[in-house]
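Visitor: Could you walk me through this one, with the cut-offs as we go?

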Amino acid sequence: MGADDVCVHNESQLYEALLSWIRHDPHKRDRHLTELFASLRLEHVSLKYLYHVISEEPLIQDSPICRDLLTMVKDSRTLPASLGPPSKPIPPRDAGPTAAVFIMGGLGTDREACNKFERFSLNDMEWQCVSAFSEAVWGSSAAVVEGHLLVSGGEGLSTRNNLTICNPATVGTTK
């Protein structure tokens, strides 16, 4: 749980997974609570979640070490920096690959090819307009290969023998 390569969208997901794992077999697993709890990056959990969820959890309340860790994190987040010891910031975890559906081109209401490039984020559950596609196109094919979006062919000005490659995780968006 403490590894940098664990991919989560929110550190609270790991906290919930930890509790679920412990509760599945508490007699065998509760001895791992303090070690696993200490590996969480509570600095990246909202204060509301810290105070209203984690602080209220009986497993955490019953463990003096977990309570102390939680108090240290809450104090470091709420006290002025001058009152506490300097600490090295802990980076947030990588959220992993961006799950999305893309629409490139298509036919407009005038039955003409268009250059729209839109993304539906499965993480945020919303559509985003991505900077316009390089040219008006419809009927193209697309695939994701090794994390890159490949768009090939279709009908348009020069797209029949064209291949466009972009990184869907970093392509610019506008609202």
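Visitor: Let's start with the strands: how many bridges pair E2 with E3, and in which sense?

Guide: Strands here are DSSP runs of E with at least two residues, helices are runs of H or I with at least four residues, and both are numbered from the N terminus. Two strands pair if DSSP finds at least two bridges between them. One facing couple here is Phe-117 and Val-130 in E3. For E2 and E3, the count is 5 bridges, and the sense is antiparallel.

Visitor: Before going on, what kind of model is this, and what pLDDT do side-chain atom pairs need?

Guide: Residues are numbered from 1 along each chain as its sequence is written, and side-chain values use heavy atoms, with hydrogens and water left out. It's a predicted model, where local features need pLDDT of at least 70, totals for chains, interfaces and linings use all residues, and side-chain atom pairs count only at pLDDT 80 or more.

Visitor: Which residue in E2 does Ile-103 stand opposite?

Guide: Strand E1 (residues 100–104) also pairs with E2, antiparallel over 5 bridges. E2 itself (residues 117–121) is mostly covered, with 4 of its 5 residues buried (buried is under 20% relative accessible area, exposed over 50%, partly exposed in between, using a 1.4 Å probe and protein chains only). Opposite Ile-103 you'll find Glu-118.

Visitor: What does Trp-127 touch, and what is its relative accessible area?

Guide: Trp-127 is in strand E3 (residues 126–130). Leaving out residues up to four places away in sequence, its contacts (heavy atoms within 4.5 Å) are Val-101, Ile-103, Glu-118, Arg-119 and Phe-120. It counts as partly exposed, because its relative accessible area is 45%.

Visitor: In what order do the strands of the open sheet run?

Guide: There are 3 strands in it, with antiparallel pairing. Strands E5 (141–145) and E8 (163–166) are the edges, each pairing on one side only. Strand E6 (residues 148–152) is joined to E8 by 4 bridges, and Ser-152 has Leu-163 as its bridge partner in E8. So the order, given that strands of a sheet pair through backbone hydrogen bonds, reads as follows. It's E5-E6-E8.

Visitor: Over to the helices: why are the buried residues of H4 on the same side, and what arc do they cover?

Guide: In helix H4 (residues 47–54), Tyr-49, Leu-50 and Ile-54 are the buried ones. The arc is taken from the directions from the helix axis to the C-beta atoms. Lys-48 and His-52 are exposed on the other side of H4. The buried residues sit on the same side because their arc is only 100 degrees.

Visitor: Which helix gives the largest share of the largest nonpolar core?

Guide: A nonpolar core is a set of buried Ala, Val, Leu, Ile, Met, Phe, Trp, Tyr and Cys residues joined through side-chain atoms within 4.5 Å. The largest has 19 residues, and Tyr-15 and Ile-54 are among those with the most contacts inside it. H1, H3, H4 and H6 each supply at least two residues. The largest share, 5 residues, comes from H1.

Visitor: Which side chains meet in a salt bridge?

Guide: The rule wants a side-chain nitrogen of Lys or Arg within 4 Å of a carboxyl oxygen of Asp or Glu, and it gives a count of 1. At 2.5 Å, N to O, the pair is Glu-57 and Arg-23. They're 34 residues apart, with Glu-57 in the loop between H4 and H5 and Arg-23 in helix H1. Glu-57 is buried at 10% relative accessibility, while 47% makes the other partner partly exposed: Arg-23.
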